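Below is a short report on one structure. It covers a ligand site, a sheet and a hairpin.

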Amino acid sequence: MAVRPNPKKTLMPEQEPHERIKNFSEVALGYTEEQALIESRRCLQCPTHPCVSGCPVGIDIPGFIREVKEGRFDEAARILKLYNNLPAVCGRVCPQEVQCEEKCVVGKIPGSEPVAIGRLERFVADWEATNVKDPRIEIAPSKGGKIAVVGSGPAGLTAAADLAKKGYSVDVFETLHKPGGVLVYGIPEFRLPKAIVEREVKYIESLSVKIHLNTPVGKSISVDELLQEYDAIFLGIGAGTPKFMKIEGTNLNGVYSANEFLTRVNLMKAYLFPSYDTPVKKGSQVVVIGGGNVAMDAARSALRLGAKQVKVIYRRTEQEMPARREEYLHAVEEGIQFMWLTQPIKYIGDERGRVLGAECISMELGEPDESGRRKPIPIEDSRFIVEADMIIEAIGTDANRFLLSEFKGLSLNKYGYIIADSETGATTLKKVFAGGDIVTGAATVIEAMGAGKRAAYWIDKFLCGEYNPW
Ligand code: FAD
Ligand code: SF4
Ligand code: SF4
């Protein structure tokens, strides 16, 4: 008789909430070898492996889990890297619950949870980093073409690594002083340690990818130079321009965009001030506006900086909030408070221009809007004040139109994002491809990586004369 797998995922150890709110160290601690072996046995090795169709980079999931089950962790790592250049990152921040794990047949058995694919991926990547000095690298013989990648976020890094593996010479241009895009300037240390990002970027550099930091394309190097010098260009510049509430009081001292707040904390290490020379305001009563991952990261960072109270204000309810469930539950465990169906309409300040709070209005939900979520509608005469000495707006981001306007002939949609073929990444401008947030708007790490991977495939076809949409 077939033995039914354990219905629940093997738990991953975590720092206790009362401890972790006092530090920026990683919350989730990863599987031990024994835990990974136990979890790997839950995989049924389905011949149709539906989980793979849920992974935007198409990892051979049963293949790598089979190797874990046999204790061949190095072989599991080799399989992972055939598909994924950033496995330790994805194992930590991928929204697995709506990707590979959502399709896992074990999760379809009533009362059962899917195989913890992301946790196993993280285990294998971390095991390799600790135990293998010189991981095997498979690179094709040189093909001679030169490719420029603009932006070193997950889309750009993936495109660069795949193209290097295919035998091309690749230059990555990055505005910031560190590579990684949102992985270094947005997602906090306690969810994604920067040493992990550095480790995976080092692997990509070991493929002979050259990363030019502090090099904004459009300023340090012109678009014309790029077009003349390279055989193909991949644009992975993200969508990092913050949106603002645009209400009265936005300019008061103590009102931040999540983008600025998180960049100061993560990239500039303001939580280690004065050892690092970037300061950041440490609020006592902090209000965060928004309901996505960015809002959760801002709220949890503010708490770790010493806030006595952190409230997240969201205009819809828990059901509609876009944040990953795991991040929301971690925030709740840590004592973050949530005010649902609430919308700020103006910020209030003192005579010296310092923020004192937000005047808010209660909302109710109406019919679904174009996003499919029920539209929040203000309730008359329901105004009230929420006190705060710091307010962080986390209500989304937009494309940066400055660089894009330099690429003459590049078509943008009405929101300012690049129009690109959804399969190949080809834009309307000859030899220019694009992918990631700058095409889709704010999305996820693995979707950006999927776009980078597909574009690398089609750039290779273009340079081999097998594809030309122009
Ligand atoms: P980015 O990561 O934005 O990288 C673009 C890079 O291009 C940047 O480094 C930028 O400096 C550079 N650049 C821009 N213009 C130029 C120029 N002119 N010249 C040179 N370089 C340039 N997704 C998840 O899957 N899970 C999560 O848990 C998650 N949490 C998030 C938390 C936060 C706070 C944020 C902001 C986002 C989060 N996301 C998460 C979303 C995810 O990080 C993005 O979807 C992903 O990083 C997009 O990748 P990208 O490569 O398209 O762009
Ligand atoms: Fe799942 Fe993300 Fe890993 Fe793909 S990369 S298998 S979607 S966790
Ligand atoms: Fe294993 Fe689930 Fe994929 Fe089946 S669907 S191969 S059980 S991970």
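How do the residues of the shell around ligand 2 divide into nonpolar, polar and charged?

## Ligand 2 shell

This is a predicted model. In it, the shell around ligand 2 holds 8 nonpolar residues, 3 polar and 1 charged. Four cysteines are listed by name: Cys 55, Cys 90, Cys 94 and Cys 100. The isoleucines around ligand 2 are Ile 59, Ile 61, Ile 117 and Ile 446. Asn 84, Gln 96, Gln 99 and Glu 121 complete the set.

## Parallel sheet

Strands of a sheet pair through backbone hydrogen bonds, either parallel or antiparallel. Here, 5 strands form an open sheet with parallel pairing. Their order is β3-β2-β1-β4-β15. β3 (210–212) and β15 (432–434) stand at the edges. Each has a single partner strand, so one side of each is left without a neighbour in the sheet. From one strand to the next, the twist averages 20 degrees.

Within this sheet, β1 (residues 146–150) and β2 (residues 169–173) run parallel and are joined by 5 bridges. One pairing links Val 150 to its bridge partner Phe 173 in β2.

## Helix across the sheet

Helix α18 (residues 445–463) lies across β1, β4 (232–235) and β15. The helix runs at about 170 degrees to β4. Ile 446, a residue around ligand 2, falls within the residue range 445–463 of α18.

## Antiparallel hairpin

Strands β11 (residues 355–368) and β12 (residues 374–387) run antiparallel, joined by 9 bridges. Gly 357 has Glu 387 as its bridge partner in β12.

How many residues lie between β11 and β12 in the hairpin? There are 5. In the turn, Gly 372 has a positive phi of about 90 degrees.

Methods
Residues are numbered from 1 along each chain as its sequence is written. Chains are lettered from A and ligands numbered from 1 in the order in which they are written. This is a predicted model: local features need pLDDT of at least 70, side-chain atom pairs count only at pLDDT 80 or more; totals for chains, interfaces and linings use all residues. Side-chain values use heavy atoms; hydrogens and water are left out. A residue is near a molecule or strand if one of its heavy atoms lies within 4 Å of it. Ala, Val, Leu, Ile, Met, Phe, Trp, Tyr, Cys and Pro count as nonpolar, Asp, Glu, Lys and Arg as charged, and the others, Gly among them, as polar. Two strands pair if DSSP finds at least two bridges between them. Helices (H or I, at least four residues) and strands (E, at least two) are DSSP runs, numbered from the N terminus. Axes are lines fitted to C-alpha atoms, for helices over the stretch in contact, and angles run from 0 to 180 degrees between N-to-C directions. Contact means heavy atoms within 4.5 Å.
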